[in-house]
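Reader: I am new to this structure and should like to be guided through it by questions. May we begin with the display below?

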Amino acid sequence: MAIVTVTNSSVAVNPLKLSQPLGAALALLGLKGMIPLFHGSQGCTAFAKSLLVKHFSETIPLSTTAMSEVSTILGGEENVEQAILTLAERLKPDVIGLCTTALTETRGDDMPHILRGIRKRHPELDSLPVVLVSSPDFKGSLQDGYAAAVESIVRELAQKSDEQNPHPMQIAILPSSAFTPGDVEEIKEIVAAFGLQPIVVPDLAASLDGHLEDSYSAITAKGTSLAELREIGNSAFTLALGESMRGAAKILHDRFNIPYEVFGELTGLEPVDNFLQALSDVSGTAVPEKYRRQRRQLQDAMLDTHFFFGCKRVSLALEPDLLGSTVYFLQSMGAEIHAAVTTTRSPLLEKLPINSVTVGDLEDFEQLAVGSDLLIGNSHSVAIAKRLGVPIYRQGIPIFDRLGNGLYTKVGYRGTLEILFDLANIFMEEEEAKAHQLRELVTC
């Protein structure tokens, strides 16, 4: 059981957390025909757009209500109305995701009332779904905003067809912000191998996997469609991937009586075993030979690499879901968690099998990580690694000094192999460098 410490500093010298609106936008980008709309100043949207573009190296559709000083004081209803009407006329989206920001949340805008008024004045918008997400910047983090968006999606858009009985082979999959588009693609492939029909919400693998479309689109060209969301209530089961997705899975359970199971991690031998066993139980089919072979490959890789992990001190600065998954994987390979820093409170933090977790910023991380053999964090942690003279393995968002972030995979047997060899090679290089330095000293 970990002791969770929340820093009480009056200023974040080197922030780790990212805002809720950014996380909400990331989730909304997994819907087909979507345009996220930030209700706030232009700067909020520009920052989120810039960061996502750098991370994914893709065009990111984002819009803003462009609140000014005057509209902030007098009220932003007119800005919201004009923004929705403009987007509906020019872009013709299938759905709009309306995300609040610190500006409008602090002002106390009654967003449900504003939306009802807009629809009353403009009946032509009746067929256009607008997903409202409460995502204030001043609390929570990217993971919280992402989870809030998924909960709003399944609450407002998910439906059930007229059929009384669920589709026995259809399952809903709710991946958290800890999973990359490449992870989601691997998960979809695994699920389909059992003869199951997955509906993924949100499906970032379809929208942010780094592919070229036939023509330019100002809205998301791929992702979970409204037609799929209107069928999700007929699913036989829900797989919530990440503790932060428990709330969305519970909404589906309460609305449509769909049973669910939460999988906190899909990296490592035992977590993947449990996931495949669950799929086998739901589908009634045996685990395909393809994955039995991948499992044997992973076992062999664990034998080859475990010498490099033993007693290595690793420090982490990640969002809670990704932090938890990485902690369990590293400990399964014999590494020690030297320090763990995260962005926001989560029920899973106290359950982690480490001494302590700090909810803080990268300044806390730099102080706690002294003496580590490896750092794991986003690209904002690279400067810390250089100052401490420690190698870094990039995880999370943003990663702006490496390419291919959308396709990176760390789940399943194949993804575990990838991260296993990546980390083992880092440790091997460090040992070779230290041995070389020692030889030079002896020679001198």
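Reader: Is Arg246 buried, partly exposed or exposed?

Author: The model is a predicted one. Arg246 has a relative accessible area of 36%. Buried residues lie under 20% and exposed ones over 50%, so the class of Arg246 is partly exposed.

Reader: With which residue does the side chain of Arg246 meet in a salt bridge?

Author: The contact runs from N to O over 2.7 Å, and the cut-off for a salt bridge is 4 Å. The partner of Arg246 is Glu243.

Reader: Is Glu243 buried or exposed?

Author: The relative accessibility of Glu243 is 17%. Because residues under 20% are classed as buried, Glu243 counts as buried.

Reader: How far apart are the closest N and O atoms of Glu189 and Lys290?

Author: Glu189 belongs to helix H8 (residues 181-193) and Lys290 to helix H13 (residues 289-309). The two residues are 101 residues apart, and the pair links distant parts of the chain. Glu189 is partly exposed at 30% relative accessible area, and Lys290 is partly exposed at 40%. In their salt bridge, the distance between the closest N and O atoms is 2.6 Å.

Reader: What is the relative accessible area of Glu350, which meets Arg345 in a salt bridge?

Author: The side chains of Arg345 and Glu350 meet at 2.6 Å, N to O. Arg345 is partly exposed, with a relative accessible area of 46%. Glu350 is also partly exposed, and its value is 25%.

Reader: Which residues do salt bridges with shared partners join into one network?

Author: The salt bridge between Glu189 and Lys290 has been described above. Both of these residues belong to the network. Its members are Glu186, Glu189, Lys290 and Arg414.

Reader: How many salt bridges does the count come to?

Author: The rule asks for a side-chain nitrogen of Lys or Arg within 4 Å of a carboxyl oxygen of Asp or Glu. By this rule, the count is 18.

Reader: Which term describes the packing of H1 to H7?

Author: Two packed helices are described by the angle between their axes and the distance between the axes. Helix H1 (residues 20-28) and helix H7 (residues 142-156) have axes 6 Å apart and pack at an angle of about 45°. Since angles under 35 degrees count as roughly parallel and those from 65 to 115 as roughly perpendicular, the term for H1 against H7 is oblique.

Reader: What is the handedness of the crossing in which H1 passes H7?

Author: The contact includes Leu22 and Leu26 of H1, and Tyr146 and Val150 of H7. By class, it has 10 nonpolar, three polar and one charged residues. The crossing of H1 and H7 is right-handed.

Definitions and conventions. Residues numbered from 1 in each chain as written. Predicted model: local features only at pLDDT ≥ 70, side-chain atom pairs only at ≥ 80, totals over all residues. Heavy atoms only, no water. Axes fitted to C-alpha atoms, helices over the stretch in contact; angles between N-to-C directions. Helix = DSSP H or I, 4+ residues; strand = E, 2+ residues; numbered from the N terminus. Parallel < 35°, antiparallel > 145°, perpendicular 65-115°, else oblique. Left-handed = near helix turned anticlockwise from the far one by under 90°. Contact = heavy atoms within 4.5 Å. Nonpolar A, V, L, I, M, F, W, Y, C, P; charged D, E, K, R; others polar. Buried < 20%, exposed > 50% of the residue type's maximum accessible area, 1.4 Å probe, protein only.
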